[in-house]
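Please read this briefing alongside the sequence and the 3D structure shown here. It goes through ring contacts, a helix pair and a few individual residues.

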Amino acid sequence: MAPKQFGIGQSHGKIILLGEHAVVYNYPSIAIPFPKTSIQTIVKKAIQEPTISCDFYTGLLGDMPELLDSLKEAIHLSLKTLNQKSYPLDITINSSIPAERGMGSSAAVAVATIRGIFDYFDVSLTQEKLLDLVNTSEKIAHGNPSGLDALMTSSSTPYYFKKGQLEVPLHMMLSAYLVVADTGETGQTKEAVESISHKLKGNTKEHTLALIHTLGSLPDKGRIALESDRAKELGSYMFQAHQILKELGMSSPSLDRLVDAAMTHGALGAKLTGGGRGGCMIALAMDKKSAHEIAQTLKDFGAKQTWVYEMSDHL
């Protein structure tokens, strides 16, 4: 195979609308691709040794810090698949997805890099092969990834997702806007998941199970609202989910402050998104004007960054 002058790979962020934490206990979740944040990887031939440049590290591929082990594995697996294990690549990764905020940055980096490598060698890459490579590399970062991040950061379709079952693509027919705000604090998914597990072994087991059951019932209701243009209903499910997640100890003062600010300034619903205890929150707005007003309010209340996304948009 003759390499091209350079290869380019793209990916984007993801947002969980409903289903955080309950998905661990075999309830469904709803996630959407989020093209307002994206990654582009540019792949060229290195002068001598393989090199990489990204937000966290610039230098030789072999000297990459442990933090980037899953990315290193994605590169290694791609070259192995292409029978190019010793080929010296120069890889540049440009990302607008904030790391450790529940937006799928780790999987998105792998998706864009694998796509870039295959594009450089001018070899077609099926979605099935891409997901296999990403999920294998993600095992280093997350132990046992659900596959949701890999799917969402590489797809242009919203999905209804239940661990161990086939993902169901959704027809998003919602005339509304999503506002996403970053608290500027990294999420603590692992600690949050362990906290719920601990509650299920203690005196509050029955109450915790009841909360998880109610939380887990919301994606099915949200799915109907999403596919039938019922923005107010979806907003109410989102806020209900946040109240449950808050009671479970999954929120944080900064998340609660932003959710409350959104709700008092016209949002149809608002909640944390992702693992919680930091990271991002989302708010649903009826129209563009309201969405931008909410986004500004969230900045006034401490959000480090905001994005406004028209829900009826397609990638």
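The points below are grouped by topic, after a short note on how the values were obtained.

This is a predicted model, in which local features need pLDDT of at least 70 and side-chain atom pairs count only at pLDDT 80 or more, while totals for chains, interfaces and linings use all residues. Residues are numbered from 1 along each chain as its sequence is written, and side-chain values use heavy atoms, with hydrogens and water left out. Helices (H or I, at least four residues) and strands (E, at least two) are DSSP runs numbered from the N terminus.

**Aromatic rings**

- A search of the whole structure finds five aromatic pairs, where rings of Phe, Tyr and Trp (its six-membered ring) pair if their centres lie within 6.5 Å, and planes under 30 degrees apart count as stacked, over 60 as edge-to-face and the rest as tilted.
- One of these pairs is formed by Phe 34 and Trp 307, which meet edge-to-face with 6.3 Å from centre to centre and 90 degrees between the planes.
- This pair links distant parts of the chain, with Phe 34 in strand β2 (residues 29–45) and Trp 307 in strand β11 (residues 305–310), 273 residues apart.
- Both Phe 34 and Trp 307 are buried, where buried means under 20% relative accessible area, exposed over 50% and partly exposed in between (1.4 Å probe, protein chains only).
- Tyr 87 and Phe 121 form an aromatic pair that is also edge-to-face, at 5.1 Å centre to centre and 80 degrees between the planes.
- Tyr 87 lies in the loop between α1 (69–81) and β5 (89–95) and Phe 121 in the loop between α2 (105–120) and α3 (127–142), so the pair ties together parts that are 34 residues apart in sequence.
- Tyr 87 and Phe 121 are both buried.
- Phe 34 and Trp 307 join Tyr 309 in one aromatic cluster.
- The charged end of Arg 223 sits over the ring of Tyr 160, 4.5 Å from its centre; this description requires NZ of Lys or CZ of Arg within 6 Å of the ring centre and within 35 degrees of the ring normal.

**Helices α7 and α8**

- The axes of helix α7 (residues 231–247) and helix α8 (residues 253–264) come within 12 Å and cross at roughly 155 degrees, the axes being lines fitted to C-alpha atoms, for helices over the stretch in contact, with angles running from 0 to 180 degrees between N-to-C directions.
- That angle makes α7 roughly antiparallel to α8, since angles under 35 degrees count as roughly parallel, over 145 as roughly antiparallel, 65 to 115 as roughly perpendicular and the rest as oblique.
- Phe 239, His 242 and Lys 246 in α7 meet Asp 256, Val 259 and Met 263 in α8, contact meaning heavy atoms within 4.5 Å.

**Two residues of strand β2**

- Ser 29 lies in strand β2 and counts as buried at 1% relative accessibility.
- Leaving out residues up to four places away in sequence, Ser 29 touches several residues, including Leu 18, Tyr 160 and Pro 219.
- Lys 45, also placed in strand β2, counts as exposed at 52% relative accessibility.
- Apart from its neighbours within four places in sequence, Lys 45 is in contact with Tyr 87, Pro 88, Asp 90 and Tyr 120.

**Positive phi angles**

- Most residues other than glycine have a negative phi.
- His 21, in the loop between β1 (7–18) and β2, has a positive phi near 70 degrees and is buried, with a relative accessible area of 7%.
- Asn 83, in the loop between α1 and β5, has a positive phi near 55 degrees and is exposed, with a relative accessible area of 68%.
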